[in-house]
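The exercises below are meant to be worked with the sequence and the model side by side. Try each task before reading the solution that follows it.

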Amino acid sequence: LVVHPIRAARAAGAEAVVVIVGHGAAEVEAALADQPDLRFALQSEQRGTGHAVQCALPALADHAGSVLILSGDVPRLRPATLHALAAAAAASRGGLALATFTPPDPTGYGRIVRDGAGEVVAIVEERDASPAQRAIGECNAGVYCAAASLLRRELPRLGSANAQGEIYLTDLVAVAAGQGGVGAVLVPADEVAGVNTLAQLAE
């Protein structure tokens, strides 16, 4: 499954690919043994998406440009979308862009909060959302492009005061919005469909 986003990243021109592994790390690394030039980062404790990206930063110590952050269970991403995200991140003053989508049923997804001018100001996870926020139809696809400098500076400052007690990567959106603005790329729902069940895999 994870080979698909790896291929998309390479087709989009990624100079280095870091795979964050945790549960079943040895099996995942063995399954990817035929993929050339991969770097691996171990997230020994699963403390959230923000913590996962923190674990990957040492493997990107020599990288000063932009970083695409992809989910391993989202196999239909297109290189063109990743190019669009990179362009949106470069154009944003906050150094961050994210993919959004509008599913038929937004239940379970983080909601995209925009201000009166239509600018993205935050992502609120469903467990932490108010009833009004849960009524928002635009959702977070979990795919980002961020300046490496932003990640190094701000990820260590993210807290875990939320319903899950985890370090959410989504909290970085509000930080970047406060530092000048965040780019957003609306993508088709089927392109960012995740695979968490056998039924979703078959679909």
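**Exercise 1.** Determine which residue forms a salt bridge with Arg114, and state which parts of the chain the pair ties together.

*Solution.* In this predicted model, the partner of Arg114 is Glu138, and the closest N and O atoms of the two are 2.8 Å apart. Because a salt bridge requires a side-chain nitrogen of Lys or Arg within 4 Å of a carboxyl oxygen of Asp or Glu, the pair of Arg114 and Glu138 qualifies at 2.8 Å. Next, place the partners: Arg114 lies in strand β5 and Glu138 in the loop between α5 and β7, so the pair ties together parts that are 24 residues apart in sequence. Finally, consider exposure: Arg114 is partly exposed, with a relative accessible area of 36%, whereas Glu138 is buried at 16%.

**Exercise 2.** Find the salt-bridge partner of Glu126, and decide whether the two residues are buried or exposed.

*Solution.* The side chain of Glu126 meets that of Arg111 in a salt bridge, with an N to O distance of 3.1 Å. Since Arg111 belongs to strand β5 (residues 111-114) and Glu126 to the loop between β6 (120-124) and α5 (131-134), the pair ties together parts that are 15 residues apart in sequence. Both Glu126 and Arg111 are buried.

**Exercise 3.** Which residues are joined with Glu154 into one network of salt bridges, and how many salt bridges are found in the whole structure?

*Solution.* Begin with the pair of Glu154 and Arg153, whose side chains meet in a salt bridge of 3.1 Å, N to O. Glu154 counts as buried, at 5% relative accessibility, while Arg153 counts as partly exposed, at 37%. Shared partners then join Arg153, Glu154 and Arg157 into one network. A search of the whole structure finds seven salt bridges.

**Exercise 4.** Explain why strand β4 (residues 96-101) can be described as largely enclosed, and identify the strands that pair with β4.

*Solution.* First take burial: six of the six residues of β4 are buried, so the strand is largely enclosed by the rest of the structure. Leu96, Leu98 and Thr100 point one way, and Ala97, Ala99 and Phe101 point the other way, with burial on both sides. Then take pairing: β4 runs antiparallel to strand β7 (residues 139-147), to which five bridges join it, and Phe101 stands opposite Cys139 in β7. With strand β8 (residues 183-186), β4 pairs in the parallel sense over four bridges, and here Thr100 stands opposite Leu186.

**Exercise 5.** List the buried residues of helices α1 and α3, and work out which elements they pack against.

*Solution.* In helix α1 (residues 3-11), the buried residues are Val3, Pro5, Ile6, Ala8 and Ala9, and they pack against β1, β2 and α4 (79-91). After α1 comes Gly13, which has a positive phi near 100°. In helix α3 (residues 49-56), the buried residues are Gly50, His51, Ala52, Val53 and Ala56, and their packing partners are β1 (17-21), β2 (38-42), β3 (66-69) and α6 (148-154).

**Exercise 6.** Identify the residues that form a nonpolar surface patch with Leu201, and place Leu201 in the structure.

*Solution.* Leu201 forms the patch together with Leu1 and Leu198, and the accessible area of these residues together is about 330 Å². Leu201 sits in helix α8 (residues 198-202). With a relative accessible area of 51%, Leu201 is exposed, because that class begins over 50%.

Definitions and conventions: Residues numbered from 1 in each chain as written. Predicted model: local features only at pLDDT ≥ 70, side-chain atom pairs only at ≥ 80, totals over all residues. Heavy atoms only, no water. Patch = residues over 30% accessible without salt bridge, like charges linked within 9 Å, V, L, I, M, F, W, Y side chains within 5 Å. Areas by Shrake-Rupley, 256 points an atom, 1.4 Å probe, with all protein chains shown as cover. Helix = DSSP H or I, 4+ residues; strand = E, 2+ residues; numbered from the N terminus. Buried < 20%, exposed > 50% of the residue type's maximum accessible area, 1.4 Å probe, protein only. Pairing = 2+ DSSP bridges. Contact = heavy atoms within 4.5 Å.
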